[in-house]
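Dear colleague,

I am passing on the structure we spoke about, and below it you will find my notes on what turned up in it. Please read them alongside the coordinates.

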Amino acid sequence: MDMLTCGTTEANTFVLSPETRTLLESFMTETTFKKDSIVCWEGEMNDKLFYVKQGGVKLSKLTKKGSPLLMFLYFKGDLFGEFDVGEAFPSSYSIETMEDSIIGFLSKNQLEELMKKDGAFALEIMRWQALMRKQTETKLRDLLLFGKPGALASTLLRLIAMEGEQVGETYRLAKRPSDGEFGQLIGAPRETVNRMFSQWKKEGVVSMTAKEITIHDPQYLRDLCHCEGCPAGVCRI
């Protein structure tokens, strides 16, 4: 299995037709946010979906210890939000911009009205919902089933699938997150991530510099996280 076939650099709206994406955008209001701005707090009542028109955002939850657990990253063209939990519901995540961004807001009521009027449109939205549920399921699988080594292995595979470059039989990730950022992605302290990477370097699984990571033994990582070969659109952070 070629790892690069698992992921996608496409926005999650690739499951929607151009006509549906255009229609959605026509009903959105948009707001510009500076880098590190809060779009929505965890627990805040929310009756909207969000669409990244420019920039990027991260969705996080606070653990009982008060440290952030980074759940998802969304970029230009991504649509996200909790659509099937009623008109207004406390947000499960805090949404923060990672760079200067333009975010579109779409009322759930508006979306429901559009779905009632157009069956084909409704079917496409249901397809998008199914994709989002699958992404959530795989994230929870990474965090809960195979320990911190499995979660870190899966995170590396997803990053490589999204942004990696194949060099011979190895894969290179040119933009290396810090150990602290990896820790936020898997719910572990920076020191734990550092120890795992140190062990993998000794075993020849990975090598790294301050700026990049090279994976020499992707099968080792696949075995750790019991990789199932996620379909396009699911193998992403």
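Over residues 146-219 the chain is 54% helix and 18% strand, and the C-alpha atoms at the two ends are 16 Å apart; helices (H or I, at least four residues) and strands (E, at least two) are DSSP runs numbered from the N terminus. An unreviewed UniProt entry annotates residues 146-219 as "domain: HTH crp-type", with positions given in the numbering used here, feature names shortened, and annotations that may be inferred rather than shown by experiment.

Please bear in mind that this is a predicted model, in which local features need pLDDT of at least 70 and side-chain atom pairs count only at pLDDT 80 or more, while totals for chains, interfaces and linings use all residues. Residues are numbered from 1 along each chain as its sequence is written, and side-chain values use heavy atoms, with hydrogens and water left out.

One open sheet has 4 strands in the order S1-S10-S4-S7, with antiparallel pairing (two strands pair if DSSP finds at least two bridges between them). Strand S1 (29-33) and strand S7 (79-80) are at its edges with a single partner strand each, so one side of each is left without a neighbour in the sheet. Strand S4 (residues 48-54) is joined to S7 by 2 bridges, and Tyr-51 stands opposite Leu-79 in S7.

Another open sheet, also antiparallel, has 4 strands in the order S2-S9-S5-S6, and its edge strands are S2 (38-40) and S6 (68-75). Between strand S5 (residues 56-62) and strand S9 (residues 94-97) there are 4 bridges, and Val-57 stands opposite Thr-97 in S9.

Best regards
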